[in-house]
Amino acid sequence: MPVYEFRCPADCGRFEVRHPMALVPSAESCPSCAAESPRMIAAVGLSRSGSAVHRAMDQAALSASEPEVVRGSPGRARNSPVTTDPRHRKLPAP
Ligand SMILES: [Zn+2]
């Protein structure tokens with residue numbers, strides 16, 4: 001579970017709480033004064049973009065949500081003969 005950072009509106013400062021990504025609240029009670037503390041937006045992951053491993057992970061995650069459009073099957077080029085049997089030329093074209 002990732003760690004999320006919250007900031008108390010009183011002078012208690014920042015604190016961290018672990019939450020599942022799907023259930024992370026926008027605010028959490030301060031552990032010191034129980035004040036409603038908004039979640040902070042952290043700049044996590046901005047410095048990791050140079051790593052080849054993280055680039056591959058980002059590319060894999062991107063392909064799940066924005067896959068490349070494939071317009072044909074790979075392999076044999078169009079208009080190449082399927083068969084070399086001369087009797088097949090008499091058959092109707094598909
Ligand atoms: Zn507080």
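Colleague: Let's start with one residue: in which loop does Cys12 lie?

Modeller: Cys12 lies in the loop between S1 and S2. Keep in mind that this is a predicted model.

Colleague: And what are the elements of the chain, counted from the N terminus?

Modeller: The order is β-β-β-β-α, so you have four strands and one helix to keep track of.

Colleague: Back to the cysteines. Which residues coordinate the zinc ion?

Modeller: For a metal site, list the donor atoms, then look at their distances. Here the donors are the SG atoms of Cys8, Cys12, Cys30 and Cys33, at 2.2 to 2.4 Å from the zinc ion. Along the sequence these donor residues follow the pattern C-x3-C-x17-C-x2-C.

Colleague: Why is the arrangement called tetrahedral?

Modeller: You go by the angles. Four donors count as tetrahedral if all angles lie between 85 and 135 degrees. Around this zinc ion the four donor atoms subtend 106 to 112°, which makes the arrangement tetrahedral.

Colleague: Which parts does the pair Cys8 and Cys30 tie together?

Modeller: Look up where each donor sits. Cys8 is in the loop between S1 and S2, while Cys30 is in the loop between strand S3 (27-29) and strand S4 (36-38), so the pair links parts that are 22 residues apart in sequence. You can check Cys12 in a similar way: Cys12 and Cys30 are 18 residues apart in sequence, yet their C-alpha atoms are 7.9 Å apart in space. Leaving out residues up to four places away in sequence, Cys12 touches Cys30, Ser32 and Cys33.

Colleague: Are those donors buried or exposed?

Modeller: Buried means under 20% relative accessible area, and exposed means over 50%. Cys8 has 4% relative accessibility, so Cys8 counts as buried. Cys30 is buried too, at 4%. Cys12, at 37%, counts as partly exposed.

Colleague: What about the nonpolar core: which residues make up the largest one?

Modeller: Find the buried nonpolar side chains that join up, then ask which elements supply them. The largest nonpolar core has six residues: Tyr4, Phe6, Cys8, Phe15, Val17 and Cys30. Strand S1 (3-7) and strand S2 (14-18) are the elements that give two or more residues to this core. Notice that Cys8 and Cys30 are listed in the core and also among the zinc donors.

Colleague: What does Phe15 touch?

Modeller: Setting aside residues up to four places away in sequence, the contacts of Phe15 are Tyr4, Glu5, Phe6, Cys8, Glu28, Ser29, Cys30, Pro31 and Ser37. Phe15 is buried, with a relative accessible area of 11%.

Colleague: How many aromatic pairs are there in the whole structure?

Modeller: A pair of rings is described by the distance of the centres and the angle of the planes. A search of the whole structure turns up one aromatic pair. That pair is Phe6 and Phe15, stacked, at 5.7 Å centre to centre with 20° between the planes. Phe6 has 0% relative accessibility and counts as buried.

Colleague: Which residue other than glycine has a positive phi?

Modeller: Try Ala34, with phi near 65°. Ala34 is in the loop between S3 and S4, and at 53% relative accessibility Ala34 counts as exposed.

Colleague: Zooming out, what percentage of the chain's residues is buried?

Modeller: Of the 94 residues in the chain, 10% are buried. The accessible surface comes to about 8300 Å², and carbon and sulfur atoms account for 56% of that. For contacts between residues at least 6 apart in sequence, 23% join residues at least 24 apart.

Technical notes: Residues numbered from 1 in each chain as written. Predicted model: local features only at pLDDT ≥ 70, side-chain atom pairs only at ≥ 80, totals over all residues. Heavy atoms only, no water. Core = buried A, V, L, I, M, F, W, Y, C linked by side-chain atoms within 4.5 Å. Buried < 20%, exposed > 50% of the residue type's maximum accessible area, 1.4 Å probe, protein only. Contact = heavy atoms within 4.5 Å. Donors = N, O, S within 2.8 Å, 3.2 Å for Na, K, Ca; no water. Tetrahedral: all angles 85-135°; square planar, octahedral: opposite > 155°, others 65-115°. Areas by Shrake-Rupley, 256 points an atom, 1.4 Å probe, with all protein chains shown as cover. Phe/Tyr/Trp six-rings, centres within 6.5 Å; stacked < 30°, edge-to-face > 60°.
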